[in-house]
Protein chains: 2
Amino acid sequence: MGVAPDVGSDILKDLKKRVEEGIPSGISVSFVEFEGPELVIYTEEPKKFADNGDIIRNLAKDLRKRIVVRPDPKVLVDPEKAIEEIKRIVPEEGGINDAYFDPDTGEVLIEADKPGLVIGKYGETLREISRNIGWTPKVVRAPPLPSSMIKNIRSYLRAEKDSRKEFLRRVGQKIHREPTARDQWIRVTALGGCREVGRSSFLLSTPETRILIDCGVNVSSDNNISPYLYIPEVSPIDQIDAVVLTHAHLDHAGLVPLLFKYGYDGPIYATPPTRDLMVLLQLDYIDIASKEGSKIPYNSAMVREALKHTIVLNYGEVTDIAPDVKLTLHNAGHILGSAVAHFHIGQGMYNIAFTGDIKYERTLLFDPTVNTFPRLEALVIEATYGGNRDFQPSRSEAESKLQSTIKKTIERGGKVIIPAFAVGRSQEVMIVLENAVRKGALDPVPVYLDGMILEATAIHTAYPEYLNQNLRNLIFHKGLNPFLSDLFIQVDSVSKRQEVIQSEESCVILATSGMLNGGPVMEYLRGLCHDERNTLIFVGYQAEGTLGRRIQKGWKEIPFSREGRTETIKIRLEVVTIDGFSGHSDRNQLLNYVRRMRPQPSKILINHGEERKCLEFANTLRKKIRREVVVPKNLETVRLL
Amino acid sequence: MGVAPDVGSDILKDLKKRVEEGIPSGISVSFVEFEGPELVIYTEEPKKFADNGDIIRNLAKDLRKRIVVRPDPKVLVDPEKAIEEIKRIVPEEGGINDAYFDPDTGEVLIEADKPGLVIGKYGETLREISRNIGWTPKVVRAPPLPSSMIKNIRSYLRAEKDSRKEFLRRVGQKIHREPTARDQWIRVTALGGCREVGRSSFLLSTPETRILIDCGVNVSSDNNISPYLYIPEVSPIDQIDAVVLTHAHLDHAGLVPLLFKYGYDGPIYATPPTRDLMVLLQLDYIDIASKEGSKIPYNSAMVREALKHTIVLNYGEVTDIAPDVKLTLHNAGHILGSAVAHFHIGQGMYNIAFTGDIKYERTLLFDPTVNTFPRLEALVIEATYGGNRDFQPSRSEAESKLQSTIKKTIERGGKVIIPAFAVGRSQEVMIVLENAVRKGALDPVPVYLDGMILEATAIHTAYPEYLNQNLRNLIFHKGLNPFLSDLFIQVDSVSKRQEVIQSEESCVILATSGMLNGGPVMEYLRGLCHDERNTLIFVGYQAEGTLGRRIQKGWKEIPFSREGRTETIKIRLEVVTIDGFSGHSDRNQLLNYVRRMRPQPSKILINHGEERKCLEFANTLRKKIRREVVVPKNLETVRLL
């Protein structure tokens, strides 16, 4: 699907003409250029665009493209003067930490404590800045918890801006080429994560376009860790036009860097939190694999390649990602930045949504997943808890069980280990504990965070707009950020970890990994499993084949590999499973999600669940809502149109 | 799936050693070589092999390969002397017409009237020839009706023997390479002919191998004539390892030459009659398209390429066609050489049969299609007449209706037009008419053959072993070949055709095409449609969109394109449809075919039928034999294992 450069130029020439026709006379356009899915207009008079927000809105509507206006490099104010101007315009409470000028794009990236004050009502402050300095201001939040990950990501992207600009231009030309295919059809190929949990990956294809949706790794399998990326439908991998990620968990995004090792050179679309969390989890995956001496499918250079190729989209932004495909991401309620990916194919031809992992219930962190779309013909839905008996208690039941279990353990002088994914469950549990202590339901107790939990939490604090309304109110209007509570203590060294294990103090330990298949939680388990006063609390799904699942099943003697030797440890501590904290919808929530969906899809595909559960959920849907339901196998292709 | 030459050589070295170990000591082996699926042993002492048929049988069993022994070129007798020897050894009634010597293979191709007499009991005569002349004799039948097609094919293959030898060596090395894939799975992708009739094509794939089964053209469609050959599963097309053809009709083999235009360079497996009929029909397809000014997807050079790449297999010959796939063709009863293709995958891992088109009833020409296999897990079955009301009368009912309709037409001084496929229905009707006249049920009436019917009939006479037992008896033991009856008169010129149309004589006209979408039958229709004394008899399936279907539905005014102008013709002649001559099984036959199948497949896929009929047949199978039944759409992939 290569595009000759002149094709792009012809389209751009035409677009420049249409831009000039669509704006008030007297505003000059120097040139126009594609940048990923956006059309960038360069002008010597950015103020005139900035003065009237309608100009760009109308152009975008006319051209059916996302429009960005940038100053012609000629009109940019000197950076030193510009920063003075910015600080003059933005109220002091905005807390401007830093500003990075990019002469190639004419953009200045402003890092502020309160981005809202830099943006102003309806973007008024941003436009004023723009009018005064020529540069286009972009604002990002300075994370209130310092995040080295976000810092590294931002500085890497700045360092790579040249090749990234070239990349975005290339992607833009490809997206905006004229469609050439004669046939009309739409297919979905299951590459992984069907009739199983792990290695999620679908291919959505039309005669014109191939889109990979998720590219996960099955961390709980030795043999089948990867989606079927070698089959002809996805090879050579550079024939893929775009990768879309529903969220950052390894079972959905863990093998994205591998695509670049195999020669992929195209865009990855994800929300900003997904981008950052993805990098965090991928680097951690490499790190754990290297410590365990397991095979590492890619290195950190490939993680950086993936990052460099990521184009972020916020919820609700309708975006062209191919000549015949528009993508919109919607809140999925599962983890920070998690999305339902909605694809509009052709001109009103077909619409399909991939849920990724969804939570159809309001939680302490997130709003329930979106199930209203402008149009929808087909739905691909997860079924982790789709089995006939997969009912979960409500969140409030789960919360009181967690509180009482912790209380009981503290009363008998024990410690609580909670294995948790760094991303998602950890923050849920943190908020529950902070809330319980703040409201007096639980006596203050130290909560140790080990693994990447603090780093992941810092990323949460950088994107409060991705949290639910309650939390946003608490943070923005009451100035109370529960993540910053001093209940939480980071464990940042091996000696500190040993100290926590050996102390007599009662405490809660939140540590990764969530399924006891590696990570620092293993050391806590080994150190604390022999004492009956202690408690191990499972708050998340334990996949078949993991140690977590075995202990959950009641295994009392566990072979334990450590530093190359295998020992047997005896499980004497109390083991408690608290359902209801899952980031996944239970059977009822899944069913209600589909029932209340507007519009109703005419075809439903089920994935992401053990085979039996997928089949049971399919039967339920067939009976209760009488739709066509398909439970594809990996390697199968279903035709939608 | 390229193979380094040394891989092949290593395997050959090893095989030579195993051959030497497996034969009585004292027999020398000069070298061994692959030739397509066969292993060829070159020896200076072919007589020693020839003296004892068990040596080769045991070797074949040991090595699990098909074995051919050829003389080392050093020991070949001079061709002139050799032919004298052959004529001395073979009884005169054998009727040796010609002999072609091929020094590269050490083979002599003997064309004889009665190949059985050249072969002798259990091959005794062949072995005697071999012992006496060094050359390996191969025998082909001199067709009793002269067939220019067969003559051309044979002479073309002789002329191309060098490149064909190289091709066979290459194919052999690829087939006998060591399997390398780690995964185990089997998939079937529908490329065409699913939920429709026309452009039949499936891809059968494993991690190791991709096999295309049929590659038909939809002659009754303007837009969707071709299977989806451009999708990634089959492109680039040179990634396909083998093409297997169930039979020669255009809707199954019409686009095989196109594969070579697209870069395919591998083998086509088919029965000998399928090879010859395929060439006949493909050349005719080009010819008709060029006359009609339609788009011609390939030229005759591509037809020759396809021919050059064809490896013939007789019914029942179990043949390696890939490191992990063995193919066996079985009688399908549909047309001459038609086959059910049975694939054995892996070492006992999985078995699947593709029926192609089948007739599960004894006809005047063929035995009923085979439904017993050593093993079978999945069945792909046609459903042309799978609809709920698709019951057909028996053959004898059909025969008497045909006789009475012809009688009635003759009595009122009319002519009978029977549109028919050149291959299949024509010969069925010829045999019925000859039989009726011979037995006195019908007065002798001239039967004009127009289009390629005579040529197709000649090919039938060249392969009597592909006809049913009754016909073989008649031909071999009673010396009566019904195809040679002088009832049949070939129309071989435009003026002759006009003469037939304009004469007052009553007659039967058998002319192509079978669905009134082109061919000489159009001229007969145009010339004879106005006269109510005449009769148009449909004896075959009329696809949706064809003129045949329209007239069958009762259209009385037909737009008729001729020499670039469109005129309207009025249909006044009687239109009669006689069901029961179809080469397809009716609903009951299809159902019985599956019911009586041994062993019973656990999964059934349905293709080759209008959508409604496929779905109805699927429902019937689900209810009556309670199997898993899938009705794939084109572009869908079903996973079998």
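**A strand, a helix and a chain-chain contact**

A:Thr136 sits in strand E6 of chain A, the stretch that covers residues 136-141. The structure is a predicted model, so everything here is computed from predicted positions. With a relative accessibility of 12%, A:Thr136 counts as buried, because the cut-off for that label is under 20%. What does A:Thr136 touch, once residues up to four places away in sequence are set aside? The list is A:Val69, A:Arg70 and A:Pro71, plus A:Gly106, A:Glu107 and A:Val108. With A:Val69 there is a polar link too: a polar atom of the A:Thr136 side chain lies 3.5 Å from the backbone oxygen of A:Val69.

Next comes helix H21 of chain A, which runs over residues 611-625. How far apart should the ends of H21 be at 1.5 Å a residue? The 15 residues of the helix should span 21 Å, and the C-alpha atoms at the two ends are indeed 21 Å apart, so expectation and model agree. Just past the helix, A:Arg626 takes a positive phi of about 50°.

Quite a few residues of H21(A) are buried: A:Lys613, A:Cys614, A:Glu616, A:Phe617, A:Ala618, A:Thr620, A:Leu621 and A:Ile625. Their cover includes three strands of chain A, namely E17 (378-382), E26 (603-607) and E27 (628-630), along with helix H20 (587-595).

One of these buried residues, A:Cys614, gets a closer look. A:Cys614 belongs to helix H21, and its relative accessibility is 0%, which is why it counts as buried. Beyond its neighbours within four places in sequence, A:Cys614 is in contact with A:Arg195, A:Ala383, A:Ile606, A:Asn607, A:His608, A:Gly609 and A:Val631. The fold also brings in A:Thr384: A:Cys614 and A:Thr384 are 230 residues apart in sequence, yet their C-alpha atoms are 7.8 Å apart in space.

Finally, there is the meeting of the two chains. Chain A puts 20 residues into the contact and chain B puts in 21 residues. Together the chains bury about 1800 Å², with 43% of that on carbon and sulfur atoms. Across this interface, 13 residue pairs are in polar contact, both partners having pLDDT 80 or more. There are also two salt bridges between chain A and chain B. In a salt bridge between the chains, the side chain of B:Arg187 meets that of A:Glu233 at 2.9 Å, N to O. On the side of chain A that touches chain B, strand E28 (residues 637-639) supplies the largest share, three residues. That side of chain A divides into eight nonpolar, three polar and nine charged residues.

Conventions: Residues numbered from 1 in each chain as written. Chains lettered and ligands numbered in written order. Predicted model: local features only at pLDDT ≥ 70, side-chain atom pairs only at ≥ 80, totals over all residues. Heavy atoms only, no water. Helix = DSSP H or I, 4+ residues; strand = E, 2+ residues; numbered from the N terminus. Expected span 1.5 Å × (residues − 1). Buried < 20%, exposed > 50% of the residue type's maximum accessible area, 1.4 Å probe, protein only. Contact = heavy atoms within 4.5 Å. Buried area = accessible area lost by both parts, 1.4 Å probe. Salt bridge = Lys/Arg side-chain N within 4 Å of Asp/Glu carboxyl O. Polar contact = N/O pair within 3.5 Å; in protein donor to acceptor, adjacent residues only side chain to side chain. Nonpolar A, V, L, I, M, F, W, Y, C, P; charged D, E, K, R; others polar.
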